[in-house]
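Here's a quick briefing on the structure below, meant to be read with the viewer open. Have a look around first, then work through the bullets.

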Amino acid sequence: MPLKEDVLLVIYKEFEKWMDEKIACKKGCAVCCTQNVTMTAVEGEFIHRHIRKQGKMEWFAETMQKKGKTRRPVMTTNGFAASCLRGEDVEPETYGNNDPCPFLNENCCSIYEVRPFSCRCFASTVTCETGSTAIISETYLSASSAVMQIIEHLGQGEYLGNMCDVLLALCDLPENRKYVEYLPASLSNQSRVNVVKAEPLPGFLLLEEEMEKVGPLLEAIFSHEVSGGRSVENILNNRG
Ligand code: SF4
Ligand code: SF4
């Protein structure tokens, strides 16, 4: 597996370890599974590798044709953080498509093992009902944003956008060329227009009081060593 995907797995695992056990979210709970998922190319390549390994490329192409309307993000998480750190007045994006995610099958995620971070960090303290919203603590929201910033940094310069757009745009990769047989070119072309580039981490937006709970998570991610004995921090900083 490529180094970036090794790091991604470390991030997923450390976040899972850090998550509170009182969270109501579990496999099969799917009210939150909409077409609002944003992710990076690293996460998309991880999903594509899984689909290729399972020989489900034709299924993937059919699934993508069920996707609804998506659009280009105005700002990435790191772009938003950079503006905030410069003291600019920025509003978080509110656009969304609440139709069910095309990967949802009978209330279960068909790519659960490789789902992106946005799906992993949704952590409600109560089980959501249709029409209700998840109840997520401020600490979880701050921790999730910080981890999203790290994942974006990992994939800097690569695609970032709606999950379906990133997956379709990645059909350009030589290992995914087989999709040309199954997918209409217009779908991939539009998706390439809809994605933006991931940006480097400009700094976190964590308050001092949040650091007490979120700091150990960041420390666990940064100090974790991957194959070859390099720490995630060194890999993210392109060192040693
Ligand atoms: S956020 Fe709500 S709908 Fe989604 S998994 Fe958690 S409890 Fe279920
Ligand atoms: S990828 Fe899976 S977990 Fe994420 S929104 Fe879609 S069905 Fe839900």
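Let's start at Cys 128: setting aside residues within four places in sequence, Cys 128 is in contact with Val 31, Cys 32, Thr 133 and Ala 134. Bear in mind that this is a predicted model. From there, the tour goes to the ligand shells, the core, the strands and the overall fold.

**Around Cys 128 and ligand 1**

- Cys 128 sits in the loop between helix H5 (117–120) and H6.
- Is Cys 128 buried, exposed or partly exposed? Cys 128 comes out as partly exposed, because it has 17 other C-beta atoms within 10 Å, and the buried class needs 20 or more.
- Cys 128 is also one of the residues around ligand 1, and the others are Ala 24, Cys 25, Cys 29, Val 31, Cys 32, Phe 122, Ser 124, Thr 127 and Ala 134.
- By class, that shell around ligand 1 splits into eight nonpolar and two polar residues, with no charged ones.
- For a long-range reference point, take Arg 86: it is 42 residues from Cys 128 along the chain, and their C-alpha atoms are 36 Å apart.

**Around ligand 2**

- Which residues surround ligand 2? The list is Cys 33, Val 37, Cys 101, Phe 103, Leu 104, Cys 109, Ile 111, Arg 115 and Cys 119.
- This shell has eight nonpolar residues, one charged residue and no polar ones.

**The nonpolar core**

- The largest nonpolar core takes in 49 residues, and Leu 8, Ile 11, Val 147, Ile 151, Val 166 and Leu 167 have the most contacts inside it.
- Helix H6 (residues 138–154) supplies the largest share of this core, with eight residues.
- If you want one residue to click on here, try Ile 11: not counting residues up to four places away in sequence, Ile 11 touches Val 147, Ile 150, Ile 151 and Ile 221.

**Strand pairing**

- Strand E4 (residues 159–162) pairs with strand E1 (residues 38–40) in the antiparallel sense, over three bridges.
- E4 is also joined to strand E5 (residues 196–197), again antiparallel, by two bridges.
- Leu 160 is a handy place to see both pairings: Leu 160 is the bridge partner of Thr 40, and Leu 160 stands opposite Val 196 in E5.

**Two positive phi angles**

- Glu 106 isn't a glycine, yet its phi is positive, at about 50°.
- Asn 107 isn't a glycine either, and its phi is positive too, at about 65°.
- Where do you find them? Glu 106 is in the loop between strand E2 (104–105) and strand E3 (108–109), and Asn 107 lies in the loop between E2 and E3 as well.
- Glu 106 is exposed, since just 7 other C-beta atoms lie within 10 Å.
- Asn 107 has 12 C-beta neighbours inside 10 Å, so it counts as exposed; the class covers residues with 12 or fewer.

**The chain as a whole**

- The chain's secondary structure comes to 10 helices and seven strands.
- The chain's radius of gyration is 18 Å, close to the 18 Å that the globule rule gives for 240 residues, so the chain is as compact as a globular protein of that length.
- Along the principal axes, the C-alpha atoms fill a box of roughly 50 × 45 × 35 Å.
- Of the 240 residues in the chain, 33% are buried.
- Among contacts between residues at least 6 apart in sequence, 82% join residues at least 24 apart.

Key
Residues numbered from 1 in each chain as written. Chains lettered and ligands numbered in written order. Predicted model: local features only at pLDDT ≥ 70, side-chain atom pairs only at ≥ 80, totals over all residues. Core = buried A, V, L, I, M, F, W, Y, C linked by C-beta atoms within 7 Å. Helix = DSSP H or I, 4+ residues; strand = E, 2+ residues; numbered from the N terminus. Contact = placed C-beta atoms within 7 Å. Near = placed C-beta within 6 Å. Nonpolar A, V, L, I, M, F, W, Y, C, P; charged D, E, K, R; others polar. Pairing = 2+ DSSP bridges. Rg over C-alpha atoms; globule rule 2.2 N^0.38 Å.
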